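Colleague: I am new to this structure and would like to go through it with you. Could we take it piece by piece?

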Amino acid sequence: MNKPVPVILDADPGHDDAIAWVVANASKDLKILACTAVNGNCNVHKAQYNARRVMTLIGLNAPVAAGRNCPLYRESLSAPANIHGESGLDGPALPEPVMELEECSAVELMARTLKNSDEPVTIVATGPLTNVAQLLLAHPELKNRIARISLMGGGIKYGNWTPAAEFNILFDPEAADIVFSSGIPIIMAGLDVTEKALIKPEDVEAIKAISNPVSEIVWQWLEFFYRFHLSIGYRGAPMHDVCAVMALIHPEVFTMQSMYVKIETSGMYTTGKTVGDIYNVTGIKPNATCLIDVDRPEFVRLLTEYIRCYSEVQ
Ligand code: BDR
Ligand code: CA
C-alpha cells in the first residue's frame with residue numbers, strides 16, 4: 001500500500017464541502033494534517049463552527065483554524081441562503097464540536113503544518129482561495145512545501161454565479177489569480193466536471209440504506225442540497241467539492257486535460273472567469289490539470305463506499 005498523501009483541507013462548509021471531508025477522512029490514501037475555514041458560502045465564524053461540527057461527526061482529529069472574514073481586496077458576496085441555508089450547513093442536527101479552534105489564524109496553521117511536515121503537503125481547497133493566497137503572500141518561502149493544490153473552482157466553459165464565473169473564483173478573483181500564477185501544480189475541479197458528478201434521488205436511497213451515523217446525516221444533507229438545485233432545473237445534487245478530493249484518490253474516474261488557466265480579475269462581464277487555453281493558442285505551458293468529465297456511476301459507487309466505511313469503528 002502507498003504511503004498516505006498528507007493534506008490540509010481548506011473549506012467553507014457547505015454541504016458539498018462537508019461530504020468532501022467525509023470522503024477525505026474515510027480514505028486511507030490521505031492523511032489530514034490540518035483543517036482551515038474560509039469565508040464563502042457563509043461568514044467565517046459560521047464556517048469554522050460548521051467545520052468543527054463536521055469534524056466531530058466524522059471523528060476527524062486535526063488542528064482547525066479560521067481565516068479572515070473577507071476576500072483579499074473586495075467585499076464579500078452574499079450567497080443566497082437557499083443553497084446552504086442560514087447556518088451555511090442547514091439540514092440535520094449536528095453534534096456540538098468537541099475540539100477547540102486554534103488561537104492562530106488559518107494562514108499560521110497552514111504555515112506551521114507545512115514547516116512541520118517531512119514531505120510536501122497537498123492543499124485541498126473547496127471554497128474561495130483567500131486563505132491559500134494569503135499563505136502564499138505571507139510565506140513565499142513555503143511554496144515548495146506545497147505538493148499541489150486540488151481545488152474546486154471555476155469552469156472552463158461557463159460560470160454559475162455570472163455567465164462567466166463560478167462562485168468560489170468570483171468571490172475572491174485576486175486570490176485565485178495569485179494561486180493560479182503561483183507555479184504550484186493545480187488540479188482544477190471546475191463546473192465542467194462537477195455538474196456531471198450528480199447524486200440522483202436513487203443514489204440518495206442507496207446512501208440512506210447504509211444506515212450508519214454518518215450516512216444518516218449525509219443523505220439529509222443531500223436532500224437539502226438537492227432541493228435547491230431541483231428548483232433551478234438540476235437532475236441531481238452536484239458534488240462540486242467532492243471532486244477535488246476524489247481527483248487525488250481516484251483520478252481514474254476523471255477525464256483530465258492540462259492547460260494554461262488565467263483568472264480574469266477586471267472584466268466588465270467576465271470578472272472571475274477561469275480563462276482556459278484549451279487549444280494552447282498562447283503556447284504557454286499548462287499550469288492546471290482540469291477535470292473535464294467523470295464516470296458518474298463509478299464516482300457515485302466510490303462515494304457510497306466511503307460513506308459505508310463509517311459503519312466500522314473509525
Ligand atoms: C461552489 O460553491 C459552493 O456553494 C459549493 O460548496 C462549491 O464549493 C460551487 O460553485
Ligand atoms: Ca465549497
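**Walking through the predicted model**

Modeller: This is a predicted model. A place to begin is D12, which has a relative accessible area of 1% and is buried.

Colleague: Is T126 buried or exposed?

Modeller: The cut-off for buried is under 20% relative accessible area. The relative accessibility of T126 is 2%, so T126 counts as buried.

Colleague: Which protein donors does the calcium ion (ligand 2) have?

Modeller: The donors lie 2.3 to 2.6 Å from the ion. Along the chain they follow the spacing D-x4-D-x108-T-x114-D. T126 gives its O atom, and the OD donors are from D12, D17 (listed twice) and D241.

Colleague: How many residues apart in sequence are the parts that D12 and T126 tie together?

Modeller: D12 is in the loop between β1 and α1 (15-26), while T126 is in the loop between β4 and α5. The pair therefore ties together parts whose separation in sequence is 114 residues.

Colleague: What is the handedness of the crossover from β4 through α5 to β5?

Modeller: β4 and β5 pair over 5 bridges in the parallel sense, and I123 stands opposite I149 in β5. Between these strands the chain passes through α5, and this β-α-β crossover is right-handed.

Colleague: Which residue of β6 is the bridge partner of M152?

Modeller: β5 is mostly covered, with 5 of its 7 residues buried. Strand β6 (residues 186-189) runs parallel to β5, joined to it by 4 bridges. In β6, M152 has as its bridge partner A189.

Colleague: Which residues of helix α4 are buried?

Modeller: Helix α4 spans residues 106-116. The cover over its buried residues includes β1 (5-11), β2 (30-37), β3 (64-66), β4 (121-125), α5 (130-138) and β5 (146-152). The buried residues are A106, V107, L109, M110, A111, T113 and L114.

Colleague: Which helix gives the most to the largest nonpolar core?

Modeller: That core has 65 residues, and those touching the most other members are W21, W221, M239, M246, F254, F299 and L303. With 9 residues, the helix that gives the most is α10 (residues 213-231).

Colleague: With which residues is F299 in contact, leaving aside its neighbours within four places in sequence?

Modeller: F299 is one of the residues that touch the most other members of the largest core. Its contacts beyond those neighbours are A197, M239, V242, C243, M246, F254 and V294.

Colleague: How many residues are in the other core that lies apart from the largest one?

Modeller: Among its members are A111, A125, L129 and A288. The number of residues in this other core is 36.

Terms used. Residues are numbered from 1 along each chain as its sequence is written. Chains are lettered from A and ligands numbered from 1 in the order in which they are written. This is a predicted model: local features need pLDDT of at least 70, side-chain atom pairs count only at pLDDT 80 or more; totals for chains, interfaces and linings use all residues. Side-chain values use heavy atoms; hydrogens and water are left out. Buried means under 20% relative accessible area, exposed over 50%, partly exposed in between (1.4 Å probe, protein chains only). Helices (H or I, at least four residues) and strands (E, at least two) are DSSP runs, numbered from the N terminus. Contact means heavy atoms within 4.5 Å. Two strands pair if DSSP finds at least two bridges between them. A crossover is right-handed if, with the strands pointing away from the viewer, the path from the first strand over the helix to the second runs clockwise. A nonpolar core is a set of buried Ala, Val, Leu, Ile, Met, Phe, Trp, Tyr and Cys residues joined through side-chain atoms within 4.5 Å. Donors are N, O and S atoms within 2.8 Å of the metal (3.2 Å for Na, K and Ca); water is not among the atoms, so sites may look incomplete.
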